[in-house]
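Please open the model in your viewer and keep the selection tool at hand. The tour below moves from one stop to the next, saying what to select and what is there.

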Amino acid sequence: METTPSLACANKCVFCWRHHTNPVGTEWKWAMDSPEVIFKGVTESHYQMVKQFKGVPGVVAEKLKDAFTIKHCALSLVGEPIMYPEINKLVGMLHAANVSTFLVTNAQFPDAIRNLVPVTQLYVSVDASTKDSLKKIDRPLFKDFWERFIHSLEALSAKGDFLILISMMFSSTQLAVSGQRTVYRLTLVKGFNVEEIKQYADRFSLGKPDFVEVKGVTYCGTTKNSGKAPLSMSNVPFHEEVISFCQQLADLCADYEIASEHEHSNCVLIAHKKFKRAGLWHTWIDYDKFHQLNSEFVRSGRPSFSSVDYMQPTPEWALFGCKERGFDPCETRWFRNKNNKV
Ligand code: SF4
């Protein structure tokens, strides 16, 4: 399920697929639905939408049946989900229903990041690496947008996996605090944010993300709200250009390596080397383990797990450089042009 409890955000990004028809604001100032109302509304609407796929050519019956049990929720659709004042309760309700949470925030609300309960995977969008580029691409509402951006990256670092050493008289006890997978999400838009690679690398030390997900922008058309320099297909990087960007970036960051790619989504994953155990990448998620660890945390109130505690081996077909290039061989690939395989 993909949803958001807030349609509003504090940016007007040039690549936004909502075409700026939703509200913008720097604080919550709208009527608010309770988390109970939102949870009921989004799940019912999701199942209603899934139902419409019944009988559609190409839809596999078994997959359709699976889709009637929500297992994962991306809190990212349009707007800024972290703006919703009851976001923690909503996340708690999703976890209680055994639904994992992937929350994306656009780095303008550092306090809300600090106050957020653990989610399965927390993303901060890093749409540019310098103040001028961020202004150009995100067109933020806040005057202090750059400070908010930097503080959001710092807040992400505190959400990650770090250790407090408590020295005791005869021994030292390691207490792992906080714990969730943290991600920088980069959307590459040619002509806007694909230069300044060194500055991107410098930002790694602020947020210390577990992963950096890099994708080529998806061109969503142009409307009268697209601004003076609307995007076109020429702003979409080819997959090989995304890889080249990632290789240059990873070369500058000793703790990171390219781990995985999805050629068909124009996506590349750079991962922290702590997810490589005995030469094998573990970039996948053990969801049952996450729910178990998180419910222990909710019960005890003592954060005691970290992102590596619920990692799972990456399948061979998803590793960077493999022949499948991220396409699950159990799935059937549909090519528009069967001869050229595109
Ligand atoms: S933050 Fe998200 S919803 Fe807001 S303008 Fe940017 S892409 Fe669109």
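Is D210 buried or exposed? In this predicted model, D210 is buried, because its relative accessible area is 1%, and that is under the 20% below which a residue counts as buried. Select K274 next to find the partner of D210, since the two form a salt bridge in which the closest N and O atoms are 2.9 Å apart. The pair links distant parts of the chain, with K274 in the loop between β10 and β11 (276-277) and D210 in the loop between α7 and β8, 64 residues apart. K274 itself is partly exposed, with a relative accessible area of 22%.

Now select helix α7, residues 197-207, where K198 and D202 are four residues apart and so separated by about one helical turn. Their side chains meet in a salt bridge, at 3.0 Å from N to O, and D202 counts as partly exposed at 34% relative accessibility.

A similar stop is helix α4, in which R114 and D111 lie three residues apart, about one turn of the helix, and their side chains meet in a salt bridge of 2.5 Å, N to O. Here D111 is exposed, with a relative accessible area of 51%, whereas R114 is partly exposed, at 44%. An α-helix has 3.6 residues a turn, so residues three or four places apart point the same way.

Just beyond, select T120 in the loop between α4 (110-115) and β4 (121-125); T120 is buried, with a relative accessible area of 0%. Add F102 to the selection, and you will see two residues that are 18 apart in sequence but 5.9 Å apart in space, C-alpha to C-alpha.

For the open spaces, begin with the largest pocket, which has a volume of about 1600 Å³. Its lining counts 47 residues, and those closest to its centre are V104, Y123, R185, E213 and K215. Several strands each supply at least two residues of this lining, among them β3 (100-105), β7 (181-188) and β8 (211-216). The structure also holds two cavities of 30 Å³ or more, and the second largest cavity is lined by C9, A10, N11, E80, N106, Q108 and F109.

Turn next to the surface and select M49, F53, V56 and V59, which form a nonpolar patch with about 320 Å² of accessible area together. Within this patch, V59 sits in the loop between α1 (35-51) and α2 (61-66).

The last stop is helix α6, residues 145-159, whose end C-alpha atoms are 21 Å apart, in agreement with the 21 Å expected for 15 residues at 1.5 Å each. Its buried residues include F145, W146, F149 and I150.

Key:
Residues are numbered from 1 along each chain as its sequence is written. This is a predicted model: local features need pLDDT of at least 70, side-chain atom pairs count only at pLDDT 80 or more; totals for chains, interfaces and linings use all residues. Side-chain values use heavy atoms; hydrogens and water are left out. The expected span of a helix is 1.5 Å times one less than its number of residues. Buried means under 20% relative accessible area, exposed over 50%, partly exposed in between (1.4 Å probe, protein chains only). Patches are made of residues with over 30% relative accessible area and no salt bridge: like charges are joined within 9 Å, nonpolar side chains (Val, Leu, Ile, Met, Phe, Trp, Tyr) within 5 Å. Accessible areas come from the Shrake-Rupley method with a 1.4 Å probe; for residues, only the protein chains shown count as cover. A salt bridge is a side-chain nitrogen of Lys or Arg within 4 Å of a carboxyl oxygen of Asp or Glu. On a 1 Å grid over the protein atoms alone, a cavity is a set of points where a 1.4 Å probe fits but cannot get out, and a pocket is an open set with protein on both sides within 12 Å along at least five of seven lines; lining residues have an atom within 4 Å of a point. Grid points are joined across faces, edges and corners, and a volume is the space filled by probe spheres set on the points.
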